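Please open the model in your viewer and keep the selection panel at hand, since this tour moves from one selection to the next.

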Amino acid sequence: MNEAIKLQVGVKALLKNSEGKYLLLRRNPEKYPEIGAKWDIPGGRIDPGSTLIDNLKREVKEETGLNLDKTPKLVGAQDILKVSGRHVVRLTYVGEIEGDVKLDDESLEYKWFSAYEIHQLTEKELDSFFKELIDQKIIEL
């Protein structure tokens, strides 16, 4: 086992509203230069010592101003090994949410997308790990 590698866990959620549309956030490239201004789903790294769902609720609230009241379903786990010395495990959930979005500084804009619109986004426009879950049909829109 390599002790020099730092393990982190991230939680993300694909959130759908009552109209059947999905919430995506366009990341702020100043805050995320390694990702750029791509569309992604809300979420972030967990704070050890609190549950995955509590962390997900906190991240959704911080990034969107919305409360994740219904328990989401875990649908995918991915390894992110793009930074030397860091291994991130990304857990992705799907859930339902309602309300008016209020972005923090991590994102430039938000949009409620139809399934068709998400499928039309290219690798240059959509987060690669989220796209992988859709392309592999782990998440079916």
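Two strands are taken to pair here if DSSP finds at least two bridges between them. With that in mind, and remembering that this is a predicted model, select strand β5 (residues 73–80) together with β6 (86–96): the two pair in the antiparallel sense over 7 bridges. Within this pairing, pick out glutamine 78, which stands opposite arginine 90 in β6. Then follow the chain into the hairpin of β5 and β6, where 5 residues lie between the strands and glycine 85 takes a positive phi near 85 degrees.

Next, select helix α1, residues 52–64, and set a distance between its end C-alpha atoms: these are 18 Å apart, in agreement with the 18 Å that 13 residues should span at 1.5 Å a residue. Colour Asn55, Leu56, Glu59, Val60, Glu63 and Thr64, which are buried in α1. If you now look down the axis of the helix, these buried residues fall within an arc of 135 degrees, so they line one face of α1. To see what covers them, add the strands β1 (6–16), β2 (22–27), β4 (43–45) and β6, which are included in that cover. Just after α1, glycine 65 is worth a stop, as this residue takes a positive phi of about 75 degrees.

Finally, turn to the largest pocket, in which about 500 Å³ of space lies. Its lining comprises 22 residues, and those closest to the pocket centre are Lys12, Tyr32, Ile35, Gly44 and Arg45. Keep the earlier selections visible, because β1, β4, α1 and β6 each supply at least two residues of this lining.

Key. Residues are numbered from 1 along each chain as its sequence is written. This is a predicted model: local features need pLDDT of at least 70, side-chain atom pairs count only at pLDDT 80 or more; totals for chains, interfaces and linings use all residues. Side-chain values use heavy atoms; hydrogens and water are left out. Helices (H or I, at least four residues) and strands (E, at least two) are DSSP runs, numbered from the N terminus. The expected span of a helix is 1.5 Å times one less than its number of residues. Buried means under 20% relative accessible area, exposed over 50%, partly exposed in between (1.4 Å probe, protein chains only). The arc is that of the directions from the helix axis to the C-beta atoms. Contact means heavy atoms within 4.5 Å. On a 1 Å grid over the protein atoms alone, a cavity is a set of points where a 1.4 Å probe fits but cannot get out, and a pocket is an open set with protein on both sides within 12 Å along at least five of seven lines; lining residues have an atom within 4 Å of a point. Grid points are joined across faces, edges and corners, and a volume is the space filled by probe spheres set on the points.
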